[in-house]
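Here are my notes on this one, written as numbered points so you can follow along in your viewer. Reply point by point if that suits you.

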Amino acid sequence: MLDALRAAAEHDEALAAWLKGLDDPGAPVADVVLPEADDLPDVLLDLAVPHEDINALLGLRARILGDPDAGRLLARCVGALLRDLGEPGSEVRLPVLPASLGELGSCFHVFVFLAALPDVRDYHRRHGIPADVSRRTLADLGRHMAVHRRRHGTRGVPVPGWHALHFRGELYQLGRLQFQRAVLGERMAADVAASGIGARAGDPCLSVHIPDFLGPMSDAACERSVEWAREFFPRHFPGERHDVVVCHSWLLDPQLKRYLPGAANIVRFQERFRLAETYAGQEPDDRLPVGFVFGDRELEVATLPRRTRVERAVGDHLRGGGHWYEGHGWFPLERPQARPFP
């Protein structure tokens, strides 16, 4: 496996840098223990991994345990993932591995997360995270394996680095929305500070994410999630003060209001946020909404379906020569009187 990675790294600077970082003498190396073969199906089902992928993952488990190079790589990846566990803002690189590795590459990070699972569950217990929140948060792995199959027709994890947030105790599923314990960047901090709220780069914040395959993002469901977050984070992370919620998403592109009615869920979601002016002049990213709405970033614009209002909005705007931009917004997370939440 390592030989194939090194060969691919000769033509991929990012992959080469990642491998070099793992080989650094100071890089952490974890004592890796994977679930036993008889136990693995139940563990995978708890993570919402699709049933059709389980037998193949059992076979890959045997391949990894039988390959000393793969085992060493796994130990270093798990060590990197668990270093500074729970510390917001620690970037952990888990790149997409070369297609030449086949399913061993596309599914390798499933085993990284499996090996880290006992540590993150212990972290959740120490912070009093309810069992159902822990389960639904970590089940995002299986959801993204479904995203990978929709996009590529094969099994795998589309963006392994995204799940580092879940398996490091940084991100939590609270109803319809996900909230990440994050820190303010310089531009967002400047925008928040300009409103009169005391904020500096590096201050704690909550970054909200909108997962797919969870039904409509209704205004009521989003409000319940925000209220839950107001109670959840002070209770379980009392040493952190989260004064603002931020969002970086194409769903905040104000151009969507040209195509959607005022009562649309996306428009109501946008209206929660104050758009940050410090991001003016950024480059467009037309493929971002195409990937999220249609499941494949590489689809030809001319052939995009027009079945729903959102599909028509995204496709018609592009066919008319327009572009889409990632929106950046925030709102203050007031601290109302505590109320019970599950």
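1. Let me start with A48, which counts as partly exposed because its relative accessibility is 36%, in between the 20% and 50% limits. Bear in mind throughout that this is a predicted model. A48 sits in the loop that links α3 (40-46) and α4 (51-65). Its phi is positive, about 65°, even though A48 is not a glycine.

2. D84 is another one to click on: not a glycine, yet with a positive phi of about 55°. You'll find D84 in the loop between α5 and α6. With a relative accessibility of 46%, D84 counts as partly exposed.

3. That loop between α5 (68-82) and α6 also holds A99. Is A99 buried or exposed? A99 is exposed, at 75% relative accessible area, and the cut-off for that label is over 50%. The C-alpha of A99 is 9.4 Å from that of A8, with the two positions 91 residues apart along the chain.

4. A8 itself belongs to helix α1 (residues 2-9). A8 counts as buried because its relative accessibility is 19%, and the label requires under 20%. If you want another distance to check, the C-alpha atoms of A8 and E87 are 32 Å apart, for 79 residues of chain separation.

5. Now the sheet. In what order do the six strands of the open sheet come? The order is β1-β2-β3-β4-β6-β5, and the pairing is mixed. β1 (171-174) and β5 (274-275) are the edge strands: each has a single partner strand, so one side of each has no neighbour in the sheet.

6. Starting from the β1 edge, β1 and β2 pair antiparallel over four bridges, with Y172 opposite F179 in β2. The two strands make a hairpin with two residues between them, and G175 in the turn has a positive phi of about 70°. β2 is mostly covered, with six of its seven residues buried.

7. Next along, β2 (residues 177-183) pairs with β3 in the antiparallel sense, through six bridges. Two places to look: V183 faces P204 in β3, and Q178 has H209 in β3 as its bridge partner. β3 (residues 204-209) is mostly covered as well, five of its six residues being buried.

8. The pairing of β3 with β4 (residues 244-249) is parallel and uses two bridges. L206 has V245 in β4 as its bridge partner. To get from β3 to β4 the chain passes through helix α12 (residues 219-236), and this β-α-β crossover is right-handed. On the other pairing of β4, six bridges join β4 to β6 (residues 327-332) in the antiparallel sense. There, H248 is opposite H328 in β6.

9. Cysteines: how many disulfides does a search of the whole structure find? The count is zero. C205 is in no disulfide, and its nearest cysteine sulfur, in C247, is 11 Å away. Why does C222 have no bond to C247? The sulfur of C247 is the closest cysteine sulfur to that of C222, but at 10 Å it is too far for a bond; the cut-off is 2.5 Å. C205 is buried, with a relative accessible area of 1%, and C222 also counts as buried, at 1% relative accessibility.

10. Last, a pocket you may want to set a box around. The second largest pocket has a volume of about 340 Å³. Its lining consists of 21 residues, and V96, L97, S106, H148 and H152 lie nearest its centre. The elements that contribute two or more residues to this lining are α6 (103-106) and α9 (140-152). By type, the lining of the second largest pocket splits into eight nonpolar, seven polar and six charged residues.

Definitions and conventions:
Residues numbered from 1 in each chain as written. Predicted model: local features only at pLDDT ≥ 70, side-chain atom pairs only at ≥ 80, totals over all residues. Heavy atoms only, no water. 1 Å grid on protein atoms, 1.4 Å probe; cavity = no way out; pocket = protein on both sides within 12 Å on 5 of 7 lines; lining within 4 Å. Points joined across faces, edges and corners; volume = space filled by probe spheres on them. Nonpolar A, V, L, I, M, F, W, Y, C, P; charged D, E, K, R; others polar. Buried < 20%, exposed > 50% of the residue type's maximum accessible area, 1.4 Å probe, protein only. Pairing = 2+ DSSP bridges. Right-handed = clockwise from strand over helix to strand, strands pointing away.
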